[in-house]
Amino acid sequence: MAIFRAFQAVRPVPEMAGRVAALPYDVVSRQEAKEIGDKNPDSFLHVDRAEMDLDPSVDLYDSRVYEKARENLDRLVENGTMLQDEKPCYYIYELSRKGKTQTGLVGVSSLDDYLNGVIKKHELTREDKEMDRIHHVDVCDANTGPIYLACRYPARLLKIMKDWKTEHLPVYDFVAEDGVAHRVWMIDGENEIREIRRMTEGISAVYIADGHHRAASAVKVGLKRRQENPEYTGEEEFNYFLSVMFPFDHLTILPYNRVVRDLNGLTGKAFLGAVKFNFELMAVGHFPCKPVERHCMGMYLQGEWYHLKAWPDVYEKKDLVGQLDVSVLQERILGPVLGIRDPRTDERIRFVGGSHKLRELAAIADETGGVAFAMFPTSMEELMPIADAGELMPPKSTWFEPKLLSGLFIHRLS
């Protein structure tokens, strides 16, 4: 059963929340982070992407980057931009985008739940990305970005959160530059805290929606601290990591589209001929083709859009992972036709989150004479059984939107 505790968040003072809060470190480039940081000295990207404040010649993984991150975090606390709550609390985090609202609970998860499989994973992690966040968490002595979790919420927990929102004013209420509205309530009532902890202890499985690298890194820092403190009790803060837990059926998953920079030496005609072996292929002209059901995808090639529908024998006898549209694409086109053997490392493939317009996909493909694929989004109903079975999904299978902002909640490890 899940352990999900209240904690003493380090967080912005209310009037600074909108200035401090920033997109996650891994969805902005070094140049984008610097442009944001140059305009806003209070942006939390100064902590999460501290290389922006160093000479461009400094490597991303240089020890000076992590030391600068710690310095910038300390500065935000020392100058009064951020404060630490006096007692452990839970926090309600509500995000609204394009008329849809999702509401989650902020707390800290147990690294033992991660180790024993209560917290379930569905993606592989890369060692270089893990090491970056391990150093960042360890040097900052804090989890600076939340792990995006999902689960089946008890009805009683939903009511507690709804009642609290009705009876209390939010501590944060602002709209970010991308139009997403963010609202936060602090749950500091002793009875509510006690009941929420009891409710979460009845949850048997929690799923990582986004943040596999942050989670793995936080756990490894916690294990390192245990080795350094052999008489630990399990109650120390380093035994927990910052998380936001949402009801699984409230989340929005957008497609994670693919663009391959060339046709692997094939002509357009030969490529289309190869595609027809596994897909029903229909030309739809210049208007972008957005798939509306599973096992279908849009394809852009040399100025034209096509609708692809996989023949049933392509996926019907496959396991849960093999039935995913991203798996079908990899196994029937990307690998055998375009030569993308390992999409995690091949530089010829580019992954484009579903918040980008399909015309942008076409423009990227046109730059190099390649091909673009517009995917149908993977669902939570597909993700959870795969994670339950201990299986892994292909890389970049899901794009959750809206993104959780960093800097609204910091979890100190000591």
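Which residues of helix H8 are buried? The legends below begin with that helix, as it appears in a predicted model.

**View 1. The buried residues of helix H8 line one face of the helix.** In H8, which spans residues 190-200, the buried residues are Ile193, Ile196, Met199 and Thr200. When the helix is seen down its axis, these residues fall within an arc of 125°, so they occupy one face. An α-helix has 3.6 residues a turn, so residues three or four places apart point the same way. On the other side of H8, Asn191 and Arg194 are exposed.

**View 2. Strands and a helix cover the buried residues of H8.** Among the elements of this cover are strand E1 (4-5), strand E4 (90-97) and strand E5 (100-110). The cover also includes helix H7 (155-167), strand E10 (181-187) and strand E12 (240-247).

**View 3. Helices H6 and H9 pack against each other.** Two packed helices are described by the angle between their axes and the distance between the axes. For helix H6 (residues 127-140) and helix H9 (residues 212-228), the angle is about 55° and the axes lie 8 Å apart. Because angles from 35 to 65 degrees count as oblique, H6 is oblique to H9. The crossing of these two helices is right-handed. From H6, the residues Lys129, Glu130, Arg133, Ile134, Val137 and Asp138 take part in the contact. Their partners in H9 are His213, Ala216, Ser217, Lys220, Val221, Lys224 and Arg225. By type, the residues of this contact comprise four nonpolar, two polar and seven charged.

**View 4. Helix H4 crosses helix H6.** The axes of H4 (residues 63-78) and H6 come within 9 Å, and the crossing angle is roughly 40°. This angle makes H4 oblique to H6, and the crossing is right-handed. H4 contributes Tyr66, Glu67, Ala69, Arg70 and Leu73 to the contact, while H6 contributes Asp132, His135, His136, Val139 and Cys140. The residues of this contact divide into five nonpolar, two polar and three charged.

**View 5. Helix H13 has buried residues that are covered by strands, among other possible elements.** Within H13 (residues 380-388), the residues Met380, Glu382, Leu383, Met384, Ile386 and Ala387 are buried. Their cover includes strand E6 (119-120), strand E8 (147-151) and strand E11 (206-210). Strand E13 (253-254) and strand E20 (399-400) also belong to this cover. Just after H13, Gly390 adopts a positive phi of about 75°.

Key: Residues are numbered from 1 along each chain as its sequence is written. This is a predicted model: local features need pLDDT of at least 70, side-chain atom pairs count only at pLDDT 80 or more; totals for chains, interfaces and linings use all residues. Side-chain values use heavy atoms; hydrogens and water are left out. Buried means under 20% relative accessible area, exposed over 50%, partly exposed in between (1.4 Å probe, protein chains only). Helices (H or I, at least four residues) and strands (E, at least two) are DSSP runs, numbered from the N terminus. The arc is that of the directions from the helix axis to the C-beta atoms. Contact means heavy atoms within 4.5 Å. Axes are lines fitted to C-alpha atoms, for helices over the stretch in contact, and angles run from 0 to 180 degrees between N-to-C directions. Angles under 35 degrees count as roughly parallel, over 145 as roughly antiparallel, 65 to 115 as roughly perpendicular and the rest as oblique. A crossing is left-handed if the near helix is turned anticlockwise from the far one by less than a right angle, and right-handed if clockwise. Ala, Val, Leu, Ile, Met, Phe, Trp, Tyr, Cys and Pro count as nonpolar, Asp, Glu, Lys and Arg as charged, and the others, Gly among them, as polar.
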